[in-house]
Structures are given as structure tokens and as C-alpha cells.
Amino acid sequence: MKTIAHLCLLALCLSLMACRNNQPGQRLAKASRENKNGWIYVHLEGSPADIGYQHGYLLSDDIDTTIQAVSYLLAHDTQKDWNFYRSCARDFLWPRLDREYKDEINGIVEGLQAQHKNYDSLDITALNAVEELAFYYVPSLMEQAKAGSGNNKAPGNCSAFIATGSYTKDGKIVIGHNNWTEYIMGQHWNVIADIVPAKGNHILMDCMPGFIHSGDDFLITNNGLLITETTITQFKGFDTTAIPEFMRARKAAQYSNSIDDVVRIFTTGNNGGYANDWLIGDTKTNEVAKLELGLKHYRVWRSKDTAIIGSNFPSDEQLIKDETTFNVNDPTTSPNGRKLRMEQLVLDLKGKLDIGTAQTLEADHFDATQGKQASNKCVVCGHIDEDAKGCSEWDLAPYYPMGAVQGKVTTAALAGKMQLWAHMGHPCGQDFIGETFYKAHPEYAWQSKYLKNMRAYPWTLFSAK
């Protein structure tokens with residue numbers, strides 16, 4: 001009897017110890033959160049499940065409001081409700097994720113539920129795939145129903161560059177990026193995630209709450225890789241049987257050790273979703289590259305002495321012909337207008353590119369198509385909400401609230417210390433004030449439920465722990 005009693009007591013103690021070890025405090029011990037100049041900095045560390053739990057727990061309110069705003073926007077713009085996107089996650093996204101990323105997403109869900117937020121793995125998977133589902137898969141369905149109806153749906157997000165050699169002040173890599181998107185969504189692209197996974201690279205990146213990848217994209221790793229991108233606008237194509245773009249993006253960041261690794265991971269199992277021009281730098285070799293990745297075609301350019309720009313234009317003739325409706329000969333479009341200006345800027349700044357000039361470049365307001373300062377779709381720091389012509393190449397009506405919502409820059413020297421500069425809000429420093437905007441443009445008042453103001457904050461230095 002005494003032995004049985006001792007065994008029962010021992011079992012009870014072990015059970016209590018196990019419960020204690022699974023308490024939030026234990027799983028959050030290596031994690032932290034800090035709000036800074038419009039950004040949320042989070043440090044996440046450990047196994048995939050623990051990184052996910054930390055993410056979901058520390059950002060629970062932010063993930064909640066992000067899903068509300070994103071689902072509201074997509075229901076209006078794509079005529080598909082959130083259940084449609086959840087069904088996509090169930091039917092062809094979740095089955096193709098690696099186990100560690102399923103564990104991380106399940107960890108996010110567990111952290112959310114610990115904070116009394118009722119979401120599941122399908123919600124978080126759909127959120128991560130928002131770009132490839134809404135702007136690639138849905139248009140592919142439209143094309144199946146009626147040829148041409150999916151035109152101009154692939155987004156034109158971001159202005160970016162990467163430079164090295166004689167183009168930079170110290171001869172080392174400099175990289176910059178500003179994120180163009182709908183303000184109702186872009187206001188939530190406000191996380192700096194410092195991720196130390198149990199396996200793979202230490203990553204410092206910007207992202208939206210709930211994302212396991214950057215998404216817009218801008219990141220550095222502890223083994224010297226720098227990665228960003230701009231989307232290929234007016235792209236058409238999607239393969240539901242292949243690997244989701246968001247997982248390939250995270251995997252490339254976490255497991256690449258070279259430019260070749262990045263290219264290999266992105267092109268293996270490519271589903272065509274979120275087709276991009278990826279700008280990649282390796283500080284170990286001082287080489288930079290551009291991977292233009294469609295669905296049927298891809299091409300790589302690389303050099304140790306160049307400046308490569310991105311403003312949503314494709315470059316490969318075969319890809320343009322087979323996979324886009326992009327007009328390379330129309331100088332008035334946003335991609336071509338910004339391309340012209342950025343080509344001028346990197347030449348004007350040749351030998352001078354550093355943190356200061358990179359920040360200035362990403363905030364530029366000169367319209368090269370008109371030869372004057374402006375605030376419209378053709379400037380690097382875009383303001384379609386001030387453009388009377390709108391942006392027909394993305395099916396955006398005049399004054400649609402979309403443009404540059406934030407910016408990031410870094411150098412090889414800073415990246416070596418796992419540091420980057422980030423600017424929340426228009427890189428030019430201009431605020432978006434909802435009350436003023438909706439009075440002038442009541443046709444967009446439907447967005448006021450989730451889009452109030454988008455303030456511009458100072459450039460801020462972030463360092464990984």
C-alpha cells in the first residue's frame with residue numbers, strides 16, 4: 001500500500017512539473033516584445049512550436065486586428081469571403097507545408113488561444129498566403145471563367161534596390177526597400193521579427209503579425225545573406241499542386257547559405273504565387289543578384305559591381321511574353337515611371353550609396369515622366385491616394401488609398417551586426433489622416449472601419465538580440 005501511495009504521489013508530482021514547464025512563462029522565457037516608433041519588435045527563439053507560441057501570444061491582439069482588416073478588404077475587392085481563403089488553406093496549402101512550418105503555425109494558434117483569440121491553423125495559413133491567393137489564385141479562377149478577366153490583378157508592390165562595388169560608398173553591399181500596398185493592409189506591416197530557430201539561420205525581417213515569412217519582403221541573416229523583392233505586376237499564372245510561395249520564402253531565409261541556395265529553394269516546387277524579382281546579396285562574397293521568378297520561366301542576373309533596381313517591371317523577354325500582360329513601351333505606368341527614376345538615382349548616387357542616401361532614395365518624390373516633384377503613382381515613395389488618374393495597370397481608381405507604407409535599408413557592415421534601419425509610414429515623412437481623406441473622397445469611406453490614420457515615424461535602428 002505504501003509503495004502504491006508513493007507511486008501515486010510521484011506521478012502527481014511529475015504531472016504538476018510537466019504542467020508547470022508548459023506554462024506560458026516557460027515558453028516565453030526567451031521571447032520579448034517592444035513597441036518602438038510605430039513598429040513592434042519581437043524576439044522569438046526556440047523550436048518551431050515555441051517560436052510560434054511566442055509569436056501568437058505576444059502579438060495576439062495585432063494578429064486579431066490584422067485578420068479582421070485583411071478579410072474585410074478581400075471580401076470587398078475579390079468578392080470572396082474569409083471562408084473561401086480558409087478552404088484554400090485546407091485544400092492545397094496546408095498539405096504541402098513542411099512539418100516544422102506546420103508546427104510553427106500550430107504554435108501561433110496555441111499562443112492566440114492562450115490569449116483567448118479563437119483562430120485555427122487554417123486562418124493563419126490563409127493569412128500567410130494572402131498575396132498569392134488573392135492576387136494570383138483568384139485571378140486564375142477568373143481566367144478560367146472568362147479569358148482576360150484576370151488581367152491587372154497581380155499587385156505592383158514595392159520600390160527596391162541592391163548595390164555593390166563601385167556603386168556604393170565603401171564598395172560593400174547596400175540594400176533598400178519600401179513596401180507599396182493598400183493602406184488598410186499596409187498599416188499592419190509593422191513588425192520587426194528577430195527569429196532564432198533551433199535549426200537554420202538567425203533572421204531579422206519585417207512582416208505582418210501572424211506571418212512566418214516577411215511577405216513584402218526584406219530580411220537579413222546571420223550568415224551574410226540580404227534578401228528583398230518587388231512583385232512582377234500584371235503577371236498571370238498559379239499552380240495549386242506546388243509549394244506555397246510563403247513557405248519557400250521562409251525556407252530560403254532560414255536555410256540558404258549562398259545566392260545559389262536562395263535560387264534553388266525558390267525554384268523548387270514553384271507555384272507561381274507572388275511572382276517576384278528577388279534582389280539577393282551575399283556579404284561573404286560581396287556579390288548581388290536578381291532572380292526573376294515567374295511560373296514557367298525564371299532568370300538570374302548576378303555581379304560584384306552593379307546596382308540592381310526593382311519597381312514591379314519584368315525584364316526577361318520570354319517571361320514577359322508568356323506570363324504577363326505588361327506593356328514595356330508605356331512610360332506612363334507606375335512600374336516604368338519608377339524604373340526611369342531609379343535608374344537615374346543609382347547613377348547620380350554612384351559611389352555615394354550608404355545608409356543616408358539609401359533612405360533618401362526610398363523617400364524620393366521626383367516624377368521622371370513629368371520632370372518635376374510630384375505625389376502620385378510614378379514616384380519612388382508612392383501616393384496613389386493623391387493621384388487623380390489612379391493606377392489603371394492595377395485596376396485602382398483615382399485616389400485609391402494605396403502607396404508606400406514603410407521602408408527599410410541596411411548595409412553589409414550593419415547586417416554583419418544584424419542591424420537594419422526601418423521607417424513606419426510613408427518614407428517621405430507624410431502622414432495619412434483618414435478623417436481628412438474620407439471627406440475629400442467619400443467613395444472610400446467603406447475603408448474607414450479599419451483604416452483610420454497611417455502616421456509616419458522617424459527612421460529607427462533595430463538590432464537583433
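In this predicted model, Ala422 finds its bridge partner in β19 at Thr460. That pair offers a convenient way into the first of the sheets described here. Strand β16, which spans residues 419–424, is joined to β19 by four bridges, and the two strands run antiparallel. Both strands belong to an open sheet of six strands, arranged in the order β12-β3-β4-β15-β16-β19 with antiparallel pairing. The edges of this sheet are taken by β12 (306–310) and β19 (460–463); each has a single partner strand, so one side of each is left without a neighbour in the sheet. On average, and with direction ignored, neighbouring strands of the sheet are turned by 20° against each other.

A helix accompanies this sheet. Helix α13, formed by residues 334–348, lies across β3 (159–164), β4 (174–182) and β12. Its direction is at about 160° to that of β12, the strand that stands at one edge of the sheet.

A further sheet can be followed in much the same way. Nine strands make up this open sheet, in the order β1-β2-β5-β6-β7-β8-β9-β10-β11, and here the pairing is mixed. Strands β1 (32–36) and β11 (298–303) stand at the edges, and since each has a single partner strand, one side of each is left without a neighbour in the sheet. Between neighbouring strands of the nine-stranded sheet the average turn is 15°, again ignoring direction.

Within this sheet, β9 (residues 276–282) and β10 (residues 287–293) pair in the antiparallel sense through seven bridges. One residue pair to look for is Asp277, whose bridge partner in β10 is Glu292. Helix α11, covering residues 259–267, lies across β8 (225–231), β9, β10 and β11, and runs at about 10° to β10.

Attention now turns to the packing of helices. Two packed helices are described by the angle between their axes and the distance between the axes. For helix α5 (residues 82–93) and helix α7 (residues 121–128), the axes come within 8 Å and cross at roughly 95°. With that crossing angle, α5 is roughly perpendicular to α7. On the α5 side, the contact is made by Trp82, Tyr85, Arg86, Ala89, Arg90 and Leu93, while α7 contributes Leu122, Asp123, Thr125, Ala126 and Leu127. By residue class, the contact of α5 with α7 divides into seven nonpolar, one polar and three charged residues.

Technical notes:
Residues numbered from 1 in each chain as written. Predicted model: local features only at pLDDT ≥ 70, side-chain atom pairs only at ≥ 80, totals over all residues. Heavy atoms only, no water. Axes fitted to C-alpha atoms, helices over the stretch in contact; angles between N-to-C directions. Parallel < 35°, antiparallel > 145°, perpendicular 65-115°, else oblique. Contact = heavy atoms within 4.5 Å. Nonpolar A, V, L, I, M, F, W, Y, C, P; charged D, E, K, R; others polar. Pairing = 2+ DSSP bridges.
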